[in-house]
Amino acid sequence: MTDEASTAGWDAIDKAFNELYGEQEPKHYGTAIPYALGGPDPLDGISAYKVEHPTPHWHFVTYGFSELYDKETNDPEHSGYGFELTFRLTRTEDETEPPAWALNLLQNMGRYVFNSGNVFRPGDYLDANGPICLGSDTLLTALSFIEDPELKQLSTPNGTVEFIQMVGITGRELETMQTWNTRGFLKSCEPFMPKYVTDLMRNSYVDIPSVVQAVQRGIELEGSSTAFLFIQQLTWTPSRKRLLQKNVPAELQFGAKQAVLIGKILRSRIAKGAPLSLVGSGVNITFEAGENASFHEEETKITVTVNEQTVNELTAHLKPSEMTFEIPSLPGLVIRIVRTEITDQEGRVVETIG
C-alpha cells in the first residue's frame with residue numbers, strides 16, 4: 001500500500017515510538033502471508049526497540065490488533081480491537097536480536113484474541129499453565145496486562161488505540177492479583193520492577209515485606225476485584241427427590257488446582273458483600289452474601305447464598321487434594337474436589353495436583 005491515508009493506523013504507532021526513541025530503527029518482523037489468507041501469524045508485524053534504562057531491555061510493540069490501514073469495522077470510536085500490545089523484556093549487553101520466543105508469545109496472544117473474540121484490558125490476567133518461555137526454568141507462568149507506562153492512548157483516523165503492556169508473573173503472583181487486583185499488586189512491585197520489565201530469571205515478589213503489607217492493606221480495604229473465576233473442571237449435579245428414599249443432595253465439583261484460590265477470593269468478596277461467580281462449561285454458580293445460607297437451582301445457573309459461618313466452614317476444607325465433604329450450615333449440598341492434571345501445549349501431563 002502506497003497511499004499515505006491507507007497506512008494511517010500503522011503510521012500513528014510508528015509516530016508514538018519515534019517520539020519515545022527518536023530515530024532508532026527498530027528490529028521489525030513482518031508477516032509474509034496474511035492471516036486471512038491462511039498465514040500462520042495473525043499480527044501484521046512486531047517491532048522491538050533497544051532500551052537502556054532503567055535496565056537494558058527490549059520494548060516490543062504489535063501491529064494488528066488495531067486497524068492499520070483503512071477503516072473496516074462499524075465502531076467509530078475504537079480502531080479494531082482498540083489496542084496494541086507492548087512487552088518489555090530484559091536484554092543482555094551483547095544481545096543483538098530479540099528472542100524468538102517473545103515474538104511467538106505475542107503472536108499467540110493474537111491467535112487467542114482473533115480466535116476467541118476476547119480482548120485484553122488493563123487489569124486483566126491470563127494463566128499460561130506453564131513457563132511463558134517454553135522449555136525454560138522460569139517461575140513466570142502467567143501474564144498480566146497494564147497500561148504501558150510511557151505510551152498514551154492514540155487518536156487515529158480509524159479510532160482510538162490504547163497501548164497495553166504485557167507483564168510476566170509467577171503463579172503465586174497471579175493468585176495474589178486474583179485475591180486483590182492486578183493494578184494494585186503491580187504498583188506495589190514497581191520499585192522492584194520499574195517500567196514493568198519482564199525478567200525470566202527473577203524470583204516471586206509476593207514475600208517482599210512492603211508488597212505483603214500493600215496486599216494485606218488492599219484486600220482489607222477493597223476486597224477482591226475478581227467477580228468471575230473461569231474453571232475448567234466445574235460441574236453441578238442437581239439435587240433429586242426419590243420416592244420412599246432419602247433425597248439425593250446436589251453436588252458441586254471443581255479441581256484441586258483452584259480449591260485454595262476459590263476460598264481466598266470467596267472470603268474476600270463476601271466480606272465486602274460482593275458476589276463471586278464460578279464459570280464453567282455450560283454452568284454458572286454464583287455465591288452471594290445473605291443472612292441465611294441456601295441454594296437455588298435454575299437449569300445452568302445456580303445461586304448459592306452464604307453467610308460468614310458458611311464461608312468459614314467451606315474455606316476450612318478447601319485444600320489442593322481430592323476429597324468430598326458437606327457444609328453443616330448448608331444442608332443438601334456436597335462439595336467434591338477432584339484431581340487436576342496440568343498439560344503442556346502438546347497435551348502431555350506435566351503436573352498432577354491432588
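Residues are classed here as buried when the relative accessible area is under 20%, as exposed when it is over 50%, and as partly exposed in between, using a 1.4 Å probe and protein chains only. The structure is a predicted model, in which local features need pLDDT of at least 70 and side-chain atom pairs count only at pLDDT 80 or more, whereas totals for chains, interfaces and linings use all residues. Residues are numbered from 1 along each chain as its sequence is written, and side-chain values use heavy atoms, with hydrogens and water left out.

With a salt bridge taken as a side-chain nitrogen of Lys or Arg within 4 Å of a carboxyl oxygen of Asp or Glu, a search of the whole structure returned 14 such pairs. One of them links Glu-97 to Lys-27, with 3.1 Å between the closest N and O atoms. Because Glu-97 belongs to the loop between strand S4 (78-90) and helix H2 (100-116) while Lys-27 belongs to strand S1 (residues 27-30), this pair ties together parts that are 70 residues apart in sequence; helices (H or I, at least four residues) and strands (E, at least two) are DSSP runs numbered from the N terminus. Glu-97 is partly exposed at 38% relative accessible area, and Lys-27 is likewise partly exposed at 30%.

Lys-195, partly exposed at 22% relative accessibility, forms a salt bridge with Glu-150, the closest N and O atoms lying 2.9 Å apart. Glu-150 is itself partly exposed, at 32%. In the pair formed by Lys-187 and Glu-190, the closest N and O atoms are 3.2 Å apart; Lys-187 is exposed at 55%, whereas Glu-190 is partly exposed at 26%. Elsewhere, salt bridges with shared partners join Arg-88, Asp-148, Glu-150 and Lys-195 into one network.
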